[in-house]
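User: I would like to learn how to read a model like this one, feature by feature. Can we take it as a short tutorial?

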Amino acid sequence: MPHVIVSPCIGVKDQACTEVCPVECIYDGGDQFLIHPDECIDCGACVPACPVSAIFPEEDVPGGETEFIVKNRAFFGL
């Protein structure tokens, strides 16, 4: 499953995650970064790079943050 960036990224957009992504699948979504679910290779390199702990495997997104799965897919038209 791809990774999803959730609410702690909003307004922060540190870019450390984009720098370590080997397939460059993290895009600027306006108020936060978003990960393209079809391009993500599920390597997890972005997870420890995120200074606000906002990145999770899709199946591990915290309960109060599940709307970000929908937001992510909608941004990419999926």
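User: Let us start with one residue. In which helix does Cys 46 lie?

Analyst: This is a predicted model, so keep in mind that local features need pLDDT of at least 70. Cys 46 lies in helix H2.

User: How do I place that helix in the whole fold? What pattern does the chain follow along the sequence?

Analyst: Begin with the inventory. The chain has three helices and four strands. Read from the start, the pattern is β-α-β-β-α-β-α.

User: Is Cys 46 buried or exposed?

Analyst: Judge by relative accessible area; buried means under 20%. Cys 46 is at 8%, so the residue is buried.

User: Which residues does Cys 46 touch, not counting those up to four places away in sequence?

Analyst: Cys 46 touches Cys 17, Val 20, Ile 26, Ile 35 and Ile 55. Take Cys 17 from that list. Cys 46 and Cys 17 are 29 residues apart in sequence, yet their C-alpha atoms are 4.6 Å apart in space.

User: How do I read such long-range pairing for the chain as a whole? What share of the contacts joins residues at least 24 apart?

Analyst: Count contacts between residues at least 6 apart in sequence; 63% of these join residues at least 24 apart.

User: What radius of gyration does the chain have, and what would a compact globule have?

Analyst: Compare the value with the expectation for the chain length. For 78 residues, a compact globule would have a radius of gyration near 12 Å. The chain has 11 Å, which agrees. Along its principal axes, the C-alpha trace spans about 25 × 25 × 25 Å.

User: And the surface? What does the accessible surface come to?

Analyst: About 4000 Å² for the chain. Carbon and sulfur atoms account for 54% of that. Buried residues make up 37% of the 78 residues.

User: Several cysteines have come up. How many disulfides are there?

Analyst: First the idea. A disulfide is a covalent bond between the sulfur atoms of two cysteines. The cut-off is a pair of sulfur atoms within 2.5 Å. By that rule, the count is zero. Cys 25 is in no disulfide, and its nearest cysteine sulfur, in Cys 21, is 3.7 Å away. Cys 25 is buried, at 3% relative accessible area.

User: Why is Cys 50 not bonded to Cys 17?

Analyst: Distance decides. The sulfur of Cys 50 is 6.3 Å from that of Cys 17, the closest cysteine sulfur, so the two are too far apart for a bond. Cys 50 counts as buried, with 12% relative accessibility.

User: Next, empty space. How many cavities of 30 Å³ or more are there?

Analyst: The general idea is simple. Rolling a probe the size of a water molecule over the atoms shows where empty space is left. Here the count is two cavities of 30 Å³ or more. The largest cavity has a volume of about 80 Å³. It is lined by 13 residues, and the closest to its centre are Cys 21, Cys 25, Cys 40, Cys 43 and Cys 46.

User: Now the backbone. Which phi does Lys 13 have?

Analyst: Know the norm before looking for exceptions. Most residues other than glycine have a negative phi. Lys 13 is not a glycine, yet its phi is positive, about 45°. Lys 13 sits in the loop between strand S1 (3–5) and helix H1 (16–20). Lys 13 is partly exposed, at 22% relative accessible area. Asp 42 also has a positive phi, about 60°, without being a glycine. Its loop runs between strand S3 (33–35) and helix H2 (46–49). Asp 42 is partly exposed, at 37%.

User: Where does Asn 72 lie, and is the residue buried or exposed?

Analyst: Read the element, the burial and the contacts together. Asn 72 lies in helix H3 (residues 67–75). The residue is buried, with 2% relative accessible area. Beyond neighbours within four places in sequence, Asn 72 is in contact with Leu 34, Ile 35 and Pro 37.

User: One loop residue to finish. Where is Val 61?

Analyst: Val 61 lies in the loop between strand S4 (55–57) and H3. A loop position can still be buried: Val 61 is, at 10%. Leaving aside neighbours within four places in sequence, its contacts are Val 4, Val 6, Phe 56, Thr 66 and Ile 69. Val 61 and Phe 76 are 15 residues apart along the chain, and their C-alpha atoms are separated by 18 Å.

Notes: Residues are numbered from 1 along each chain as its sequence is written. This is a predicted model: local features need pLDDT of at least 70, side-chain atom pairs count only at pLDDT 80 or more; totals for chains, interfaces and linings use all residues. Side-chain values use heavy atoms; hydrogens and water are left out. Helices (H or I, at least four residues) and strands (E, at least two) are DSSP runs, numbered from the N terminus. The radius of gyration is taken over C-alpha atoms; the globule rule is 2.2 Å times the number of residues to the power 0.38. Buried means under 20% relative accessible area, exposed over 50%, partly exposed in between (1.4 Å probe, protein chains only). Contact means heavy atoms within 4.5 Å. Accessible areas come from the Shrake-Rupley method with a 1.4 Å probe; for residues, only the protein chains shown count as cover. On a 1 Å grid over the protein atoms alone, a cavity is a set of points where a 1.4 Å probe fits but cannot get out, and a pocket is an open set with protein on both sides within 12 Å along at least five of seven lines; lining residues have an atom within 4 Å of a point. Grid points are joined across faces, edges and corners, and a volume is the space filled by probe spheres set on the points.
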